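Here are some notes for your bench copy. Please read them with the structure open.

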Amino acid sequence: MKKNKLYAIVFIACFLGLAYLFYKIKYSESSHLSVCIIKNVTGYACPSCGTTRAVQLFLQGDFAASLQMNPFGIIVVILMVVAPVWILFDVITNKETFYFWYKKIEEIIRTKWIAIPLIILVIINWIWNIYKGL
């Protein structure tokens, strides 16, 4: 993926994620909106179900509950805060540090001895989400 396309996708995804999070926090009592296609179609939670609630719990300072809701939430919080700032830094300074980091992480994750355990963790999280009844 080219640098500009990656930066645009990540920046837009973070913006939309923050907008959705703001919506959920502001209207959580009256909103039952679910954007999870898997859950809407099958009725079963996907591996990322509960991530928004985990992010909310994390931002409220309840780290244990956030981790229990969905460990992906902590990863999402870090990315949603760090990535836009990092991308803006790269754009302002005309550097490619975020792009370099992305390419390096992608290369590491593509190795079998890293990819297989990560896939197993996602499957375990999926089973756990279904077991919790998310």
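1. Glu 106 is partly exposed, at 24% relative accessibility. The model is a predicted one, and Glu 106 is found there in helix α6. Between Glu 106 and Leu 118 there are 13 Å in space, C-alpha to C-alpha, for a separation of 12 residues in sequence.

2. Leu 118 also belongs to a nonpolar patch on the surface. The other members are Ile 75, Leu 79, Trp 101, Ile 105, Ile 108, Ile 109, Ile 116, Ile 120, Leu 121 and Ile 124, and the patch has about 940 Å² of accessible area together. Three helices each supply at least two of its residues: α5 (72-93), α6 (97-109) and α7 (112-132). With five residues, α7 gives the most.

3. Leu 79 is the patch member to look at in helix α5. Its relative accessible area is 39%, so Leu 79 is partly exposed; the cut-off for exposed is over 50%.

4. Is Ser 66 buried or exposed? Ser 66 is buried, with a relative accessible area of 0%. This serine lies in helix α4, which covers residues 63-69. Leaving out residues up to four places away in sequence, Ser 66 touches Ala 54, Leu 57, Phe 58, Pro 71 and Ile 74.

5. On the cysteines: the model has zero disulfides. Cys 14 is in none, and the nearest cysteine sulfur, which belongs to Cys 46, is 18 Å away. A disulfide would need the two sulfur atoms within 2.5 Å, so this pair does not count as one. Both residues are buried: Cys 14 has a relative accessible area of 7%, and Cys 46 comes to 5%.

6. For the fold as a whole, the protein chain has seven helices and zero strands. The order from the N terminus is therefore simple to write, α-α-α-α-α-α-α. Along the principal axes, the C-alpha atoms fill a box of roughly 45 × 40 × 30 Å.

7. Some totals for the protein chain follow. Of its 134 residues, 25% count as buried. The chain exposes about 9500 Å², and carbon and sulfur atoms supply 73% of that area. Taking contacts between residues at least 6 apart in sequence, 57% join residues at least 24 apart.

Terms used: Residues are numbered from 1 along each chain as its sequence is written. This is a predicted model: local features need pLDDT of at least 70, side-chain atom pairs count only at pLDDT 80 or more; totals for chains, interfaces and linings use all residues. Side-chain values use heavy atoms; hydrogens and water are left out. Buried means under 20% relative accessible area, exposed over 50%, partly exposed in between (1.4 Å probe, protein chains only). Patches are made of residues with over 30% relative accessible area and no salt bridge: like charges are joined within 9 Å, nonpolar side chains (Val, Leu, Ile, Met, Phe, Trp, Tyr) within 5 Å. Accessible areas come from the Shrake-Rupley method with a 1.4 Å probe; for residues, only the protein chains shown count as cover. A salt bridge is a side-chain nitrogen of Lys or Arg within 4 Å of a carboxyl oxygen of Asp or Glu. Helices (H or I, at least four residues) and strands (E, at least two) are DSSP runs, numbered from the N terminus. Contact means heavy atoms within 4.5 Å.
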